[in-house]
Amino acid sequence: MTYTQHYSVLKKECIDFLTENAADGEISYFADLTFGGGGHSFELLYTNPLFHVRSTDQDPDALNNGAARIEKEGMKERIKLFNTNFMHFPQIAKEQCPEVFEKGGFQGILLDLGVSSHHFDEAGRGFSFRFDGPLDMRMNYESDEFLTAEEIINTYREEKLVKIFTEYGEEKNARKIAAKICEERKTKPIKTTKDLENIIFHCYPKEHRYGKTNPSTRVFQALRLEVNRELEVLTETINQLIPLLKMGGRLAIISFHSLEDRIVKNLFKEAGESTVLPVQVLTKKPVIPSEEEILNNSRSRSAKLRVLERVEFKKDKNKYRKEFLEDEE
Ligand SMILES: C[S@@+](CC[C@H](N)C(=O)[O-])C[C@H]1O[C@@H](n2cnc3c(N)ncnc32)[C@H](O)[C@@H]1O
């Protein structure tokens, strides 16, 4: 299976943030926990021959493509790609990457959340309503750990479907769509992307069926988040990544959904208030793509990048006020 070319979002901004504190003339380790097409991982490797990368992905297509690219580019000595959900990375890093901790930890860790262009372009994966395919949507289709979209659509209670479509998709017609799904599935199971698209289409008022956004967009997005438990995994993982950073090391997260961004923002804020493992949030406001980037890749339009840094001491918020008071005395 050919892996669709993936345009890496906010690539320069991420690389600049992650590498800014790397010491000259020394090996630095980075973790790219959402390898995808390898855009960010390889950019790190190209930036400096002393940069080494430890990556993860849970998608079998991304892993196969990645292994072939690593071999082709002769980078086996500098990058290791682990087949895992990134929530297991803290454990894997401790067990399988001792060389990183001999250097004090990771200089940078990156999460570029969600799915890649490949997922949307491959009919058999069931992520897109543009093609007819099985309602799967699991990033890791080789694992039974996660329910498929088909299982969710055909087994969840109506109220639970309403909740998912409303909370994860902000779908205004959630109630009507969930009711129709439950009615249809009594006669025969809903199995394909086109079966579901057809149901959603007819739940939309006629005047809204041909708008700028396809009526299925929000429900499909909500289902994808539910299938892969994306918000849950993100919430569980962020705090575990911070101790893997060396002093001055940075954690950068790109999100594409307002709920994801809220999780990142709130957990970064909490981490910033903790005195146990001091960190400084570097992005008061998220970094967003330039107009030029959005023109080149419309998928980047919803991207938000937030970054924090592990620090020895936190900058005192009242520093200037204190200095002022001292002057006064
Ligand atoms: C947006 S793409 C990353 C693209 C990549 N940065 C690039 O430039 O090519 C996200 C990738 O992360 C993977 N992914 C998403 N959530 C994951 C998780 N919890 N664990 C492991 N991989 C995950 C997806 O399978 C997908 O390949």
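Biologist: What makes the side chain of Asp112 a polar contact of the ligand?

Modeller: A polar contact is a pair of N or O atoms within 3.5 Å. An N or O atom in the Asp112 side chain sits 2.7 Å from a nitrogen atom of the ligand, so the pair qualifies. Mind you, this is a predicted model, where local features need pLDDT of at least 70, side-chain atom pairs count only at pLDDT 80 or more, and totals for chains, interfaces and linings use all residues. Residues are numbered from 1 along each chain as its sequence is written, and side-chain values use heavy atoms, with hydrogens and water left out.

Biologist: What puts Ser8 in a polar contact with the ligand?

Modeller: A polar side-chain atom of Ser8 is 2.5 Å from a ligand oxygen, so that pair passes too. Gly38 uses its backbone instead: an N or O atom there lies 3.2 Å from an oxygen atom of the ligand.

Biologist: How much of the ligand does the protein bury?

Modeller: The protein buries 98% of the 610 Å² that the ligand exposes when taken alone (Shrake-Rupley method, 1.4 Å probe).

Biologist: Why is Cys97 called buried?

Modeller: Buried means under 20% relative accessible area (exposed is over 50%, partly exposed in between; 1.4 Å probe, protein chains only). Cys97 has 0%, so it is buried. Cys182 has 11%, so that residue counts as buried as well.

Biologist: How do you know that Cys182 is in no disulfide?

Modeller: A disulfide is a pair of cysteine sulfur atoms within 2.5 Å. The nearest cysteine sulfur to Cys182, that of Cys203, is 11 Å away, so the pair fails. Searching the whole structure turns up zero disulfides.

Note on methods: Polar contact = N/O pair within 3.5 Å; in protein donor to acceptor, adjacent residues only side chain to side chain.
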